[in-house]
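Biologist: Would you please take a close look at one helix of this model and then place it within the wider fold? A formal account with explicit cut-offs would suit me best.

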Amino acid sequence: MTTTATAPESTLDTVGIVPSFIRDSWWTPAAGSGAAAAPVLDASTGELLAKVSTEGLDLAAVVDYGRSTGQAELGKLTFHQRALKLKELAQYLNGRREEFYALSAQTGATKIDSLIDIDGGIGVLFTFGSKGRRELPNAQVVVDGPMEVLSRDGSFAGEHIYTRIPGVAVQINAFNFPVWGMLEKLAPAFLAGVPTIVKPATPTGYVAAGVVKAIDESGILPKGSLQLISGSARTLLDHLDYRDLVAFTGSASTANTLKNHPNVLRGGVRFTSETDSLNAAILGPDAVKGTPEFDAFIKSLVTEMTAKAGQKCTSIRRAIVPQERVPDVVAAVGDRIRERVVLGDPRAEGVTMGALASREQLADVRAAVQSMLDAGGELAYGTLDSPKVTRADGTVGVVEDGAFMAPVLLSWADPEADEVHSLEAFGPVSSVIGYADLADAVRLAARGGGSLVATVCTNDPDVARDLVTGIAAHHGRVLMLNREDARSSTGHGSPVPHLVHGGPGRAGGGEELGGIRSVMHHMQRTAIQGSPNMLTAITGIWHTGADRNFTLETEGQHPFRKSLSALHIGDAIRSGLREVSLEEITKFANSTGDTFYAHTNQEAAAANPFFPGIVAHGYLLLAWGAGLFVEPAPGPVLANYGLENLRFITPVAAGDSIRVTLTAKKITPRETDEYGEVAWDAVLTNQNDEIVATYDVLTLVEK
């Protein structure tokens, strides 16, 4: 294997091989071995930019390096430490965006297209950097759900935990989003602690290589956590097994080939895919011409036809509108395209829509449109002829070697034609289909066989409810668009890292993003059983029944006097009893205004099946509980910032007494602050040791 000692100055300085980044060094084939290298062309001019080849690349060694070095290095970090590295990486890449924009322009992407891809990808890193610290523990194990008691005496229990899978995440990405597609898969895998092997698509893989070059130069990520294969990797799955995961974005035919690999079928490789999608946008019957909803629908449709030259898996392919509105929609789409769309080289001033990614892609899109025309579709707007475009120098004309295609809108006399519901022209192409009623609209949307996203555009809540509930199971995401959110909506075609991206059926049946859900895709859920002490040792969270250290009794020190570094899971305090009087209950009712009859009317309270008569307010008991466990002097405990999981169980009447037992349940140091969070298990009991209330007290404690 031949490697360069350091990364090349640029992935595209000269017409050479786009390098791979493997085993933490840059690799290109040995001199003279790249005869079969695939050419990569500028989408707008046809100029040869580079070549791609992996001839001689040891894929088994790539996988082994991820499983060994990558796993070991990532295993040294907690979720919070990994999250901070994602944030740091996002900030670093943010400062180098102009370099990436220049590379992206060569793919035919306009500045807006590049913002979607590059800024969108960096934004995913920021999001997971934030969510990882807010929603995951500062640990390496995630507890899923409460403990299940499995024995009468509480000595045997069980629960579920998540731990990272022990292999690599192979991420095979499509040509249309070389940066976002890579980073949206990398972020959750990295946060989970799983090394990534990226395999970008050939036509735009040099953009991904440029970003990986910057990542390498940043020195932020641990060794082995990211590798890049620039070129063919047909035998990569031969080296994977049940420890590994494959996340694929691309065509359904390629996905099916990969799904049928023996290591997926029988070897246990986890496989998820996001593939073809005939997404729909449904115009409600109330959204007539002149309404804000009609205008928002037209704007969304044209945007999805022209952003990234329609090369988005989330683009609107079928505009499903009331039959009588078809002429209005066609006319409005044509007007907006004429007014807003300037086709040309994205490096030219004023261009709003660029080229397709390659001449091969252009041929595929034209062939798909021709098949749709042959099946009964009609050109409502646009042409298949080579368009005149604005060149980089500002002149206008046909560029024979460019991959340009003007927007095309098709109409269908027969909305049942199979081709409109089965053929995807992956470019600036959409179809307008008329529906008779809402049930018909739902049925037509479902003809897509499963999609990533649909839009329902209406201001009528009843229409929205009928359409959304009708189509939801056929889609991974549904956008409800009306006058209230038209300005603030992220749009039909923009997945957000907080919400799931994926869809059933034709869309691949996979699921990406969705916040912390996508982190869990890279982890194994395991049921563990044992004593409360063993469950506590594994999870780092105190479990009911596990040992406690009553520090005031054993050490003469209140646990609130301990700094975070001195405090241990299981440190506890048990208070004395406090008697409850009717006078105090009445005073609390009068001072707070909570004069509910259970606290003020003996006869009415006694008639209630839950109360023996007048009982103390639950919040009064919580306040007394705090008074029983608090240590008043200034010290390590900085603040009480909340309660969680509060349940009132046994009512407390006048003459009863309560005590509180407080146990350090979970300790979470903050990586960037001089304090951390402590969750205390709090149990209020009465004089008979019956449980009155249970809850978690949350405090901030100095390190």
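Modeller: The account below begins with the whole chain, turns to the helix requested, and then passes to other parts of the fold.

The model is predicted: local features need pLDDT of at least 70, and side-chain atom pairs count only at pLDDT 80 or more, while totals for chains, interfaces and linings use all residues. Residues are numbered from 1 along each chain as its sequence is written, and side-chain values use heavy atoms, with hydrogens and water left out.

The protein chain holds 20 helices and 31 strands; helices (H or I, at least four residues) and strands (E, at least two) are DSSP runs numbered from the N terminus. Its C-alpha trace spans about 90 × 65 × 45 Å along the principal axes. Of its 703 residues, 54% count as buried, where buried means under 20% relative accessible area, exposed over 50%, and partly exposed in between (1.4 Å probe, protein chains only). Among contacts in the protein chain with a separation of 6 or more, 73% come from residues 24 or more positions apart; a contact means heavy atoms within 4.5 Å.

The helix chosen is H1, residues 59-74. Its 16 residues reach 21 Å from the first C-alpha to the last, close to the 22 Å expected at 1.5 Å a residue; the expected span is 1.5 Å times one less than the number of residues. H1 nevertheless carries a kink of about 30°, centred on tyrosine 65, the bend at a residue being the angle between axes fitted to the seven residues ending there and the seven starting there. Tyr65 is itself among the buried residues of H1, which also include Leu59, Ala61, Val62, Val63, Gly66 and Arg67. Towards the end of the list come Gly70, Gln71 and Leu74.

What do the buried residues of H1 pack against? Their partners are strands S2 (20-22), S7 (157-164), S9 (196-199) and S10 (226-228), together with helices H2 (79-94) and H5 (180-192). At the start of H1, a side-chain oxygen of aspartate 58 comes to within 3.3 Å of the backbone nitrogen of alanine 60. This is a polar contact, that is, a pair of N or O atoms within 3.5 Å; within protein, one must be able to donate a hydrogen and the other to accept it, and residues adjacent in sequence count only if both atoms are side-chain atoms.

Beyond H1, strand S11 (residues 245-249) is largely enclosed by the rest of the structure, because five of its five residues are buried. Leu245, Ala247 and Thr249 point one way from S11, and Val246 and Phe248 point the other way. S11 runs parallel to strand S8 (residues 169-172), to which four bridges join it, and alanine 247 in S11 is the bridge partner of glutamine 171. Five bridges join S11 to strand S12 (residues 270-274), again in parallel, and leucine 245 has arginine 270 of S12 as its bridge partner. Two strands are taken to pair if DSSP finds at least two bridges between them.

Further along the chain, an open sheet of seven strands has the order S15-S18-S19-S14-S13-S20-S21, with mixed pairing. Strands S15 (377-381) and S21 (475-481) stand at the edges with a single partner strand each, so one side of each lacks a neighbour in the sheet. The twist averages 25° from one strand to the next; axes are lines fitted to C-alpha atoms, for helices over the stretch in contact, and angles run from 0 to 180 degrees between N-to-C directions. Within this sheet, S13 (residues 279-283) and S20 (residues 451-457) pair in the parallel sense over four bridges, with alanine 280 opposite alanine 454 in S20. Helix H13 (residues 461-471) lies across S13, S20 and S21 and runs at about 170° to S20.

Two buried polar residues complete the picture. Aspartate 440, in helix H12 (residues 438-446), has a relative accessible area of 14%, and its side chain reaches the backbone nitrogen of alanine 436 at 2.9 Å. Histidine 599, in helix H18 (residues 597-600), is buried at 10% relative accessibility, and its side chain reaches the backbone oxygen of valine 615 at 2.8 Å.
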